[in-house]
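Here's a quick walk through one protein chain, written for someone who would rather look at residues than read tables. Have the structure open as you go.

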Amino acid sequence: MSTKEKISEELLLEEETIQPNEIILFNDDVNTFEHVIETLIEVCDHSPVQAEQCSLIVHYNGKCTVKTGEYNDLKPRCSRLLQAGLSAEIV
């Protein structure tokens, strides 16, 4: 195996392990835009504009990634979204 192939293989392995987790928020017919926006601001540290944009993406596309990062950081955030009545999961 050449040095170039070995370095390429190591880089590919690093890229696979660094990929962060995501919280995906799903659309529902229950929650208001205002509730979703307020919850995203509080739980995911979104700005008001970012929270509004995410709520519109969820409404029109059915889902939206609202937060990325380490699983240990996302788990309590996702739990809080669920407790607020939103539909979300970590992928």
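## Ala51 and what it touches

Two residues are in contact here when they have heavy atoms within 4.5 Å of each other. With that settled, keep in mind that this is a predicted model, and start at Ala51, which sits in helix α3. Leaving out residues up to four places away in sequence, Ala51 touches Ile37, Leu40, Ile41 and His46.

Is Ala51 buried or exposed? It is buried, at a relative accessible area of 0%. As for Leu40, that residue is eleven places from Ala51 along the chain, and the two C-alpha atoms are separated by 5.7 Å.

## The overall layout

Zooming out, the chain has four helices and three strands. Going along the sequence, they come in the order α-β-α-α-β-α-β.

The chain has 91 residues, and 26% of them count as buried. Its accessible surface is about 6400 Å², with 51% of that belonging to carbon and sulfur atoms. Now take the contacts between residues at least 6 apart in sequence: 66% of these join residues at least 24 apart.

## The largest pocket

If you go looking for pockets, the largest one has a volume of about 170 Å³. Its lining is made up of 14 residues, and Asn27, Asp28, Asn31, Val36 and Val58 are the ones nearest the centre. Three elements each give two or more residues to that lining: β1 (21-26), α2 (33-44) and α3 (48-61).

Which element gives the most to the lining? That's α3, with three residues. Sorted by class, the lining has six nonpolar, six polar and two charged residues.

## Cysteines without partners

How many disulfides does the structure hold? Zero. Take Cys64: the nearest cysteine sulfur belongs to Cys54 and is 4.0 Å away, and Cys64 is in no disulfide. A pair of cysteine sulfurs has to be within 2.5 Å to count as a disulfide, so that spacing doesn't qualify. Cys64 is also buried, with a relative accessible area of 9%.

Cys78 is in no disulfide either, and the nearest cysteine sulfur, on Cys44, is 8.8 Å away. Cys78 counts as buried too, at 6% relative accessibility.

## Around helix α2

Glu42 is a residue of helix α2. Its relative accessible area is 54%, and since anything over 50% counts as exposed, Glu42 gets that label. Glu42 and Arg77 are 35 residues apart in sequence, yet their C-alpha atoms are 9.7 Å apart in space.

In the loop between α2 and α3 you'll find Asp45. The backbone is worth a look there: phi of Asp45 is near 60°, a positive value in a residue other than glycine. Asp45 counts as exposed, with 53% relative accessibility.

## The loop before β3

Ala84 belongs to the loop between α4 (71-83) and β3 (87-90). Setting aside neighbours within four places in sequence, Ala84 is in contact with Asn31, His35 and Thr39. Of those, Asn31 also turned up among the residues nearest the centre of the largest pocket.

Val36, another residue from that pocket list, is 48 residues from Ala84 in sequence, with 8.8 Å between the two C-alpha atoms. Ala84 has a relative accessibility of 25% and counts as partly exposed, because that label covers values from 20% to 50%.

## Thr65 on strand β2

Last stop is Thr65, in strand β2 (residues 63-69). What does Thr65 touch, not counting residues up to four places away in sequence? The contacts are Glu22, Ile23, Ile24 and Cys54. You met Cys54 earlier, as the owner of the cysteine sulfur nearest to that of Cys64.

At 33% relative accessibility, Thr65 counts as partly exposed. Thr65 and Asn21 are 44 residues apart along the chain, and their C-alpha atoms are separated by 10.0 Å.

Conventions. Residues numbered from 1 in each chain as written. Predicted model: local features only at pLDDT ≥ 70, side-chain atom pairs only at ≥ 80, totals over all residues. Heavy atoms only, no water. 1 Å grid on protein atoms, 1.4 Å probe; cavity = no way out; pocket = protein on both sides within 12 Å on 5 of 7 lines; lining within 4 Å. Points joined across faces, edges and corners; volume = space filled by probe spheres on them. Nonpolar A, V, L, I, M, F, W, Y, C, P; charged D, E, K, R; others polar. Buried < 20%, exposed > 50% of the residue type's maximum accessible area, 1.4 Å probe, protein only. Areas by Shrake-Rupley, 256 points an atom, 1.4 Å probe, with all protein chains shown as cover.
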